Amino acid sequence: NMSAEPVYEITSPIFDEITIELDQDYYEGEQFVIKAYDNSPENMYIKEVRLNGRTLDTFWFSHEEFIKGGVLEIWLDSKPNKTWGSDLSKLPPAAGR
């Protein structure tokens, strides 16, 4: 089986907060909320990310985590954080890797 687990890549959001309602017939969680802090045209770089209060140092998270619901928090800054999401040993699962 060469299929990869679906993952979601984290990029700078264009909104301050969005709530995704999860269909209870298919998902464990009720909703998945994405919140952005210090969002402005100047602050285009991701400074820090937390998923349900846990620091996330990868630029992606799994579909398995998404379906449980929760809160993804993204802090933005005007300067790039070159250490965030840069660990090559933590790349998302890919087909054939």
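A residue is called partly exposed here when its relative accessible area falls between the buried range, under 20%, and the exposed range, over 50%. Keep that in mind for this tour of a predicted model, which follows its aromatic rings.

Begin by selecting Y8, Y27, F32, F61 and F66, which ring pairs link into a cluster. The count of aromatic pairs comes to six.

Next, narrow the selection to Y27 and F66, whose ring centres lie 6.4 Å apart with the planes at 80 degrees, so that the pair is edge-to-face. Colouring by secondary structure shows that this pair links distant parts of the chain, since Y27 sits in the loop between β2 (17-21) and β3 (31-37), whereas F66 belongs to helix α1 (residues 63-67), 39 residues apart. Stay with Y27 for a moment: its relative accessible area is 27%, and it is therefore partly exposed. F66, by contrast, has a relative accessible area of 10% and is buried.

Now keep F66 selected and add F32, with which F66 forms a tilted aromatic pair, 4.9 Å centre to centre and with 50 degrees between the planes. This pair, too, links distant parts of the chain, with F32 in strand β3 and F66 in helix α1, 34 residues apart. Is F32 buried or exposed? At 1% relative accessibility, F32 counts as buried, because the cut-off for that label is under 20%.

Notes: Residues are numbered from 1 along each chain as its sequence is written. This is a predicted model: local features need pLDDT of at least 70, side-chain atom pairs count only at pLDDT 80 or more; totals for chains, interfaces and linings use all residues. Side-chain values use heavy atoms; hydrogens and water are left out. Rings of Phe, Tyr and Trp (its six-membered ring) pair if their centres lie within 6.5 Å; planes under 30 degrees apart count as stacked, over 60 as edge-to-face and the rest as tilted. Helices (H or I, at least four residues) and strands (E, at least two) are DSSP runs, numbered from the N terminus. Buried means under 20% relative accessible area, exposed over 50%, partly exposed in between (1.4 Å probe, protein chains only).
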